[in-house]
Amino acid sequence: MQTKLIKDGCALEIVNVKIEDLNSEQKQTIKALLFEYGIVLLRKQTSCPAEYTRFVNDIGPIHEFDELVWNQYGEWAGKLTSLPNPATFKPKDQYPVQRVTGQKINDKFTGIFATGTLDWHSDMNRYDIGDGTALQGYTGCKNTSTLILSTNKAHRELPEDIANDIKEAYCEYTFNPDKWANGIPEHQRQIMLDSPSGTRKYYKMWLEQTNAGGHKGFYFFPNNKCLMRTKNGIDHNIRTKFEDYLLQEEFMYEHWWEEGDILLMDQLTTLHRRGQNDPEIISNRILHRICFRLSNLNNYVEKNNTIKIENPALSAPVIAAPTTLDNDYIFGFDFDFDKQKLLQQYKKNLQNSKNFNDNGLPASVPKLQLQEDFEFNYAQELMDFFEITGEAKYYTVKKDCDFDLHVDTLPQCSINVLVSDNPAPVFIGGKNYMYKNCVLNVKEPHGVFMNDENRILFKISIFDYTFEEVKQKINTKLKDLK
Ligand SMILES: O=C(O)CCC(=O)C(=O)O
Ligand SMILES: [Fe+2]
Ligand SMILES: [Fe+2]
């Protein structure tokens, strides 16, 4: 069997074979290559659905046979209760398929994703589903494409600094087809929302994945609601850097279809999208799609993505509130902030509070609230006094809720003044610090846990000066005061 690298190893092509003639050893070789490259192409194969299904089922078993509901002519065939043996099925041309098309017969769509835009996605949106997808060009697919992102290649070439940033990183996902399959027919949308992916929307996945072939890649699906947690907690700079690295053209293979072409893809380590979403094109283009099991037998994906991480804040010491805190993380200082004014302004502007939800997940329980962009003379007086520039805000963490571990994206540090009673400590640098007011080094991972009262924080976020610089400025001012 001959193979050929496509686009510098984004994908692999198996050349000069006919799927109906392959022996089981050759199919095992193809499976191993699929594990390694994530994307395997076989050009111009028979489009007999029985032969195609037999080939795919020999690569990895088909459990999602209830998706094969049409025949190749677009007639409804009904739901199967088991997979008909593709080797013995008669008549061969009637073997059921899953169609991806906008073609209509008698005014009814005869395939999935019949309308709308199909943006970057993985077909694996939950643990208990096939992690292999096969697509075959059937008709009307010439001059149309599917783009596939090979994270296997991206993993092989991963720069050391990014590797370090994302060590132990994982993402929390909420199934969100309205983003990556926007505009599909309402009927299919409802089926998707009623499916186990839709009803149990939430799942977690390590960023780095190893498939059952022992090859590594990434599962990263930003078009679902996606919260990445790194060793810094929520860190948008790391996320952006990773996303910019991964979604590069050099890791993408755009396959321009010819009838009969078969693409096999590992859904644990690749993303894909439709190249053209023009309704005219989609209504003529037919692909046959088969979902099969590659790694995901015996609960492979769930077992390898059981993510239980203890919150270090809960076992970290609590440091009582001295005014002499002074380390690389927090500088507590003695200053008579006008709590009355701070609380008045908070109340005055209360109706302009926004639910603040840093994590992209549904704000069903608004645990955080934010006030920003308000006029407040006292805040300006403070900034003038300390000779800094910044933005005044209020962050409220509801009783019994956490402010997740994170680093701030843009500010370098902040002046924090707690205005509510009995405020919970801030967790930073491995300790929970109680404080009244402080300068906080927000470039270090921090969060609020053990919060059993509504906690109101007045904050001046500082962009133009570092933690050390602001500490200096405040020290100087305080000395002047004495
Ligand atoms: O139509 C295409 O190019 C991609 C189809 C697809 O992503 C799917 O059926 O899951
Ligand atoms: Fe897909
Ligand atoms: Fe912060």
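## A buried arginine in helix α8

Arg 239 is buried, with 23 other C-beta atoms within 10 Å. The threshold for that label is 20 or more. Arg 239 sits in helix α8, which covers residues 236–246. This is a predicted model.

How far apart are Arg 239 and Asp 8 in sequence and in space? They are separated by 231 residues along the sequence and by 26 Å, C-alpha to C-alpha.

## Two domains

The domain assignment splits the chain in two: domain 1 runs over 2–303 and domain 2 over 312–481. The C-alpha centres of domain 1 and domain 2 lie 45 Å apart.

## The shell around ligand 1

Which residues surround ligand 1? They are Val 100, Phe 113, Leu 118, Asp 123, Thr 146, His 272, Arg 274, Leu 287 and Arg 289. By character, the shell divides into 4 nonpolar, 2 polar and 3 charged residues.

Two strands stand out as contributors. Strands β16 (270–274) and β17 (286–292) each supply at least two residues of the shell.

## An alternating strand, β10

Strand β10 spans residues 202–206, and its side chains alternate. Tyr 203 and Met 205 point to one face and are buried. Tyr 202, Lys 204 and Trp 206 point to the other face and are not buried.

The partner of β10 is strand β9, residues 170–174. The two strands pair in the antiparallel sense over 5 bridges. Within this pair, Lys 204 of β10 stands opposite Glu 172.

## The seven-stranded sheet

An open sheet is built from 7 strands, in the order β19-β27-β24-β29-β22-β21-β20, with antiparallel pairing. Its edge strands are β19 (330–332) and β20 (354–355), each of which pairs on one side only. Helix α13, residues 467–481, packs on this sheet and touches β19, β24 (413–418), β27 and β29 (455–462). The direction of α13 makes about 145° with that of β27.

At the β19 edge, 3 bridges join β19 to β27 (residues 437–440), and the two run antiparallel. Gly 332 stands opposite Cys 438 in β27.

## Strand β29 and its partners

How much of β29 is buried? The strand is mostly covered, with 7 of its 8 residues buried. On one pairing, 7 bridges join β29 to strand β22 (residues 391–397), antiparallel. Here Thr 396 has Ile 456 of β29 as its bridge partner.

On another pairing, β24 and β29 run antiparallel over 6 bridges. Ile 415 stands opposite Ile 460 in β29.

## Arg 455 in β29

Arg 455 belongs to strand β29. Is Arg 455 buried or exposed? Arg 455 counts as buried because 22 other C-beta atoms lie within 10 Å, and the label requires 20 or more.

What does Arg 455 touch, beyond its neighbours within four places in sequence? Its contacts are Thr 396, Val 397, Ser 420, Pro 423, Ala 424 and Val 448. Leu 410 is 45 residues from Arg 455 along the chain, and their C-alpha atoms are separated by 23 Å.

Methods. Residues numbered from 1 in each chain as written. Chains lettered and ligands numbered in written order. Predicted model: local features only at pLDDT ≥ 70, side-chain atom pairs only at ≥ 80, totals over all residues. Pairing = 2+ DSSP bridges. Helix = DSSP H or I, 4+ residues; strand = E, 2+ residues; numbered from the N terminus. Contact = placed C-beta atoms within 7 Å. Axes fitted to C-alpha atoms, helices over the stretch in contact; angles between N-to-C directions. Near = placed C-beta within 6 Å. Nonpolar A, V, L, I, M, F, W, Y, C, P; charged D, E, K, R; others polar. Domains from an automatic or database assignment. Buried ≥ 20, exposed ≤ 12 C-beta atoms within 10 Å, placed from the backbone.
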